Amino acid sequence: MKSMYYQSHKISVRSLATMAFVTLVLVAVVQTWPFSLDTSTESAMLAATTKTAQAYDAIHHHRRNLGHRFLSDHDPGRTGMVGPSMSRVTSLPGHLISKQTSVNPQFAAVIMRLLLDAGVRPGDRIAIGCTGSFPAMNVAAYSAAESLRLRTSVVSSVASSQFGANHPEMMWPDIETLLNREGILSTRSLAASRGGFRDNAVGMTDDTREVLDLAIERNGLPPMHCNSIDESIDTRMKLYRESSDGEPFAAYVNIGGGSASVGGTKGNLSLGSGVLFPPSRQQRWWDRVSSQPDQEPIDCVANRFLAADVPVVNLIDIVSLARRFNLPVGPVWTSDASALDSKVCGAYPVSELSIPPAVRKTTAYRRVAAVFAIVAILGCVTALARPPKWWTRFSRHRLPSFSGTTEPTWMV
């Protein structure tokens with residue numbers, strides 16, 4: 001008995017190899033295609049970097065006038081942005097190399113790059129949660145937000161880990177007030193908490209809590225005295241909500257490891273560093289998906305914003321962040337007023353500040369290029385699987401890549 005079978009079109013090995021090569025080339029082009037910033041964005045980044053450097057110098061001058069010592073082991077550039085190893089208001093151990101690395105004005109451009117990657121655009125409103133542990137990053141974040149013309153809602157805490165804003169006479173609210181008085185930055189906190197364990201200096205002495213409260217009072221900030229961490233989180237969310245007048249937040253920026261902001265060290269480990277997208281946005285192919293653990297998320301301000309479909313820019317693990325954008329690790333900035341040998345500390349004057357190349361040109365996918373690559377690959381696959389008759393006739397005579405025909409053949 002005779003039977004009929006359909007013999008599929010035969011594709012040569014040479015054609016398959018060519019198709020694989022074309023696909024790899026297109027994928028490589030899409031992944032490495034540089035995403036260049038427009039002129040206005042570059043100007044804003046440079047302005048933020050310059051403003052950050054000016055803020056560092058203002059802090060240096062003020063601390064020198066107060067008679068503060070600049071320890072060469074901790075702060076070789078005498079910037080005044082690296083605090084002592086211990087003080088009455090020191091809450092937790094700190095990593096000296098991270099604090100030294102953070103004193104780099106170019107982080108303002110990095111933060112602006114991360115905000116743009118998160119989808120923030122000029123004129124948007126963002127929320128910021130910061131501590132006294134990384135004053136240099138706080139200044140860079142404020143500068144980036146102001147240069148990008150963002151409306152900010154900030155809630156801060158006073159206590160600091162080692163090598164931060166942990167001098168009793170120069171804590172973060174004092175720095176904020178100084179830069180506002182000097183006309184360098186206009187961003188101010190809506191309120192401030194004591195910080196530390198449970199965001200209320202739990203475990204610290206009564207004298208230390210009094211010093212923290214005095215810092216909040218002398219800088220005219222409304223104090224946050226919450227009886228529990230849950231109350232602190234609720235209070236912060238209420239402050240953000242009331243300050244926005246119903247305007248949606250484009251992003252939440254966390255700096256450091258605040259208990260209420262990110263759930264402390266444990267919360268930061270579960271969240272990760274950089275741009276974090278809400279689950280609803282992680283399904284889209286053009287977003288940079290951050291790996292999220294399967295465990296139940298820790299209740300904190302950052303996770304509440306993520307649950308509300310607001311991306312988070314988590315500024316932690318400063319050394320890794322610096323390496324990601326090819327910034328130097330360790331002490332790299334010397335205050336102009338310190339008059340140190342620039343060859344020793346790698347100083348660069350304000351006039352020579354620039355945007356890091358890794359910030360100016362990123363490997364973020366270009367959607368148009370990606371769509372073109374997908375269409376081209378699908379077109380090539382279709383042409384190989386079922387080529388049109390005119391291409392089959394042409395390939396028979398001109399190209400040895402194809403054999404057979406597109407018409408079914410009888411087999412018995």
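This passage describes one helix and several individual residues in a predicted model.

Helix 2 covers residues 39-65 and contains 27 residues. From its first C-alpha to its last, helix 2 reaches 39 Å, which is close to the 39 Å expected at 1.5 Å a residue. Just after helix 2 comes G67, where phi is positive, at about 85 degrees.

Positive phi values also occur at two residues that are not glycine, F163 and D245. In F163, phi is about 65 degrees. This residue is found in the loop that links strand 3 (151-157) with strand 4 (166-167). The relative accessibility of F163 is 8%, and F163 therefore counts as buried, since buried means under 20% relative accessible area.

For D245, the positive phi is about 55 degrees. D245 also has a loop position, between helix 8 (229-244) and strand 8 (249-255). Its relative accessible area is 71%, so D245 is exposed; the cut-off for exposed is over 50%. Thus F163 is buried, whereas D245 is exposed.

A further residue, N303, is placed in helix 11, which spans residues 301-307. N303 has a relative accessibility of 15% and therefore counts as buried, as this value is under the 20% cut-off. When residues up to four places away in sequence are not counted, N303 touches L271, P297 and I298.

How values were computed: Residues numbered from 1 in each chain as written. Predicted model: local features only at pLDDT ≥ 70, side-chain atom pairs only at ≥ 80, totals over all residues. Heavy atoms only, no water. Helix = DSSP H or I, 4+ residues; strand = E, 2+ residues; numbered from the N terminus. Buried < 20%, exposed > 50% of the residue type's maximum accessible area, 1.4 Å probe, protein only. Contact = heavy atoms within 4.5 Å. Expected span 1.5 Å × (residues − 1).
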